[in-house]
Amino acid sequence: MISYLKGKIIYSSENSVVIDVNGVGYEVFCVERTAIGLIDKTGSDLEMHTHYYLRENAAELYGFLEKGEREMFKILIGISGVGPKGALNILNAASLDILQRAIAEGDISVLTRVSGIGNKIAQKITLELKDKFGGKWAGLGGDIRGDSDVIEALESLGYSKHQAQEALKQLPEGLEGTESKVKESLKLLGNS
């Protein structure tokens, strides 16, 4: 298994990066925000946690900057009906915390926004994983749907999904309601 790569970035596109490891170029598919963040870093050193996915007609590497993302990817592809591309799309939809919290709360709205994930698969994912993440988020309150609405609102104003997610992470605790979260996020994004 190839579970880790360390080398130089040769090329990056919107969904993959090519890493030169001792003269061998590995194409690694990754979350869009990761790949886009690496586009202008050709020649830089890079370390990635990877998952080697083998099927009868292809051998593919999927890479993640954080171990937590790789573990979530492995959990998602373990669910019948979710392949590696679908799992990457799910990880693209929201930050790891938002995704895990949505699953713990049984909120399928975050998952159904993903292309190729319908109500049936979204319900299956939340049903199979709810207990896994439930303890982490129990009693925190808040509305995860509000967070995905905030991301959508910020994207409609021209910000990237990554920028919106980063702004959400910086919001003060206890801030409630989509409108107030959007306003506060805009202040944060305006200062960066």
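This tour moves from the whole chain to its strands and then to the helices.

**Before selecting anything**

The model is predicted; local features need pLDDT of at least 70, side-chain atom pairs count only at pLDDT 80 or more, and totals for chains, interfaces and linings use all residues. Residues are numbered from 1 along each chain as its sequence is written, and side-chain values use heavy atoms, with hydrogens and water left out.

**The whole chain**

Display the chain as a cartoon. Its secondary structure comes to nine helices and five strands; helices (H or I, at least four residues) and strands (E, at least two) are DSSP runs, numbered from the N terminus. Along the sequence, the elements follow the pattern β-β-β-α-β-β-α-α-α-α-α-α-α-α. The C-alpha atoms fill a box of roughly 50 × 40 × 25 Å along the principal axes. The radius of gyration of the chain is 17 Å, which agrees with the value near 16 Å for a compact globule of 192 residues; this radius is taken over C-alpha atoms, and the globule rule is 2.2 Å times the number of residues to the power 0.38.

Of the 192 residues, 42% count as buried, that is, under 20% relative accessible area with a 1.4 Å probe, protein chains only. Among the contacts in the chain with a separation of 6 or more, 54% come from residues 24 or more positions apart; contact means heavy atoms within 4.5 Å.

**The barrel**

Select the five strands. They form a closed barrel in the order 1-2-3-5-4, with mixed pairing. Neighbouring strands of this sheet are turned by 55 degrees against each other on average, direction ignored. Two strands pair if DSSP finds at least two bridges between them.

Begin with residues 4-12, strand 1, which pairs with strand 2 (residues 16-21) in the antiparallel sense over four bridges. A hairpin of three residues joins strand 1 to strand 2. Here Tyr11 has Val18 as its bridge partner, and Ile9 has Ile19.

Next, follow strand 2 into strand 3, where six bridges hold an antiparallel pairing. Val18 stands opposite Glu27 in strand 3. Select Asn22 as well: in this hairpin, with two residues between the strands, Asn22 takes a positive phi near 55 degrees.

Now select residues 24-30 and 58-64, strand 3 and strand 5, which run parallel and are joined by three bridges. Phe29 has Tyr62 in strand 5 as its bridge partner.

Helix 3 (residues 84-93) packs on the sheet, where it touches strand 3, strand 4 and strand 5, and its direction makes about 15 degrees with that of strand 5. Such angles run from 0 to 180 degrees between N-to-C directions, and axes are lines fitted to C-alpha atoms, for helices over the stretch in contact.

Return to strand 1, which also pairs with strand 4 in the antiparallel sense, over five bridges. Tyr4 has His49 in strand 4 as its bridge partner.

**Helix 2 against helix 4**

Finally, select residues 67-77 and 96-104. These are helix 2 and helix 4, which pack at an angle of about 40 degrees with their axes 11 Å apart. Which residues of helix 2 meet helix 4? Gly68, Glu69 and Met72 in helix 2 meet Leu96, Leu99, Gln100 and Ile103 in helix 4.

Note on methods
Buried < 20%, exposed > 50% of the residue type's maximum accessible area, 1.4 Å probe, protein only.
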